[in-house]
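Open your viewer and get the selection tool ready. We will take a short walk through this model, one selection at a time.

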Amino acid sequence: MTLFLLVVMLGGLSACVHSMVYTSNVEAAFPPRGETLKVDTADMHYIRLGNHQAPTVLFLHGASANANEFTWTLAPRLEDEFDLILADRPGHGYSGRPTDAHRLEIQAAQMAGILASLSPNDPVVVVGHSFGGAVALRLALDHPERVKGLILLAPVSHDWGGGGQTWYNEWATTPLLGPAFSNLVPLIGPDRAKEGAVSTFFPAPVPENYTEKSATNLLFRPPNFRANAGDVIALREELSAQQSRYGELDIPVILFSGIQDTVIKPELHAGRLKDQVVDFTLIDLPNEGHMLHHGEGQQIAEAIARLASAR
């Protein structure tokens, strides 16, 4: 028994050391690209690009991602004409994580705080991908004075009725097991993520150097991984409480949906949202999956530009 405990302790120590080395290396490879500002109790990191005197567009990334996701996809198509704010959601990328940040209300409040500092006078267009779509919707519901329109990209908007949770997110959110398990994630996470990207992008190919361009390996730092897991595990309940409010929206909502999406079922989200929002436009993309802003970036950027330019 003593030998067994010693082996376990040494294994745990080795995992912790590897995790610290991994974190140091990945942060050196993908350092913060933007600025931070204090919102409530957390330092929120954002990348600001473009013309700061022009209409503002706020970008909210999905689960397992960070603000770099948009720096090489949509931003280059828009930065000459607009003020672009690409925010790391709470606990992701280089943003801090306030208490109860798994709640959509808190995430929306953090984004509202960023807008209050950077674009205090005029409402903005908010672009949300996947989980970021749920936050964008909550931002428009709770802080309508901040939002003039929504562009939703393969969003999750409704309680999908069960399933879809992965064992590793459940383990990561377990109070006693979670921190220890998260220190093992850097050992296997990066390789598994490359495999998972194939199904996430399907039927489109994974772009060359996607991992590097989007800095996806920041996810496997233990605190970031636990934050992401906490968001995902809480999402169904959060959406169940939020989804009845969508009729309150009196702004234009444009939703792009990949018909072949294997991550979410569009009919359970876009299909229901279109019946609740009056000013709603659904654009189906027959040859796209969940990461549609890569293959259809130009069409999406044009829709963002039209909405952002409208008075």
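Which residues does Pro-179 touch, not counting residues up to four places away in sequence? Select Pro-179 and you will find Thr-174 and Arg-226, where touching, or contact, means heavy atoms within 4.5 Å.

Before moving on, a word on what you are looking at. This is a predicted model, in which local features need pLDDT of at least 70 and side-chain atom pairs count only at pLDDT 80 or more, while totals for chains, interfaces and linings use all residues. Residues are numbered from 1 along each chain as its sequence is written, and side-chain values use heavy atoms, with hydrogens and water left out.

**Stop 1: around Pro-179**

Pro-179 sits in helix H6 (residues 177–182); helices (H or I, at least four residues) and strands (E, at least two) are DSSP runs, numbered from the N terminus. Its relative accessibility is 35%, so Pro-179 counts as partly exposed. On this scale, buried means under 20% relative accessible area, exposed means over 50%, and partly exposed is in between (1.4 Å probe, protein chains only). Now add Tyr-94: 85 residues separate Pro-179 and Tyr-94 in sequence, and their C-alpha atoms are 19 Å apart.

**Stop 2: the sheet**

Next, colour the strands. You should see an open sheet of 8 strands in the order E1-E2-E4-E3-E5-E6-E7-E8, with mixed pairing. Two strands pair if DSSP finds at least two bridges between them. At the edges are strand E1 (35–39) and strand E8 (280–285), each pairing on one side only. From one strand to the next, the twist averages 25°.

Zoom in on E3 (56–60). All 5 of the 5 residues of E3 are buried, so this strand is largely enclosed by the rest of the structure. In a regular strand the side chains alternate between the two faces of the sheet. In E3, Thr-56, Leu-58 and Leu-60 are on one side, with Val-57 and Phe-59 on the other.

Which residues stand opposite Leu-58 in E4 and E5? In E4 it is Ile-85, and in E5 it is Val-126. E3 pairs in the parallel sense with strand E4 (residues 83–87) over 5 bridges, and 4 bridges join E3 to E5, also running parallel.

Step across to E4. Here too, 5 of the 5 residues are buried, so E4 is largely enclosed by the rest of the structure. Asp-83, Ile-85 and Ala-87 cover one face, and Leu-84 and Leu-86 the other. Strand E2 (residues 42–50) runs antiparallel to E4, joined by 5 bridges; look for Leu-49 opposite Leu-84.

Going the other way, strand E5 (residues 124–129) and strand E6 (residues 147–153) run parallel and are joined by 6 bridges. Val-125 stands opposite Gly-149 in E6. Then show helix H12 (residues 297–309), which lies across E3, E5, E6, strand E7 (253–258) and E8. H12 runs at about 170° to E6.

**Stop 3: the helix pair H3 and H4**

Select helix H3 (residues 104–118) together with H4: they pack at an angle of about 70°, with their axes 8 Å apart. Axes are lines fitted to C-alpha atoms, for helices over the stretch in contact, and angles run from 0 to 180 degrees between N-to-C directions. That makes H3 roughly perpendicular to H4, a term for angles of 65 to 115 degrees. Residues making the contact include Met-111 and Leu-115 of H3 and Val-135 and Leu-139 of H4.

**Stop 4: the cores**

Which residues touch the most other members of the largest nonpolar core? Among its 42 residues, they are Leu-58, Met-111, Ile-114, Val-126, Leu-139 and Leu-150. A nonpolar core is a set of buried Ala, Val, Leu, Ile, Met, Phe, Trp, Tyr and Cys residues joined through side-chain atoms within 4.5 Å. Helix H4 (residues 131–142) gives the largest share of this core, 8 residues. Another core lies apart from it, with 27 residues, including Ala-67, Phe-70, Val-125 and Val-127.

**Stop 5: His-294 and Asp-279**

Select His-294 in helix H11 (residues 292–295). Is His-294 buried or exposed? With a relative accessible area of 16%, His-294 is buried. Its contacts beyond four places in sequence include Glu-69, Trp-72 and Tyr-210.

Finish at Asp-279, in the loop between helix H10 (266–273) and E8. Asp-279 is partly exposed, with a relative accessible area of 39%, and beyond four places in sequence Asp-279 touches Ile-251, Pro-252 and Val-253.

Technical notes. Angles under 35 degrees count as roughly parallel, over 145 as roughly antiparallel, 65 to 115 as roughly perpendicular and the rest as oblique.
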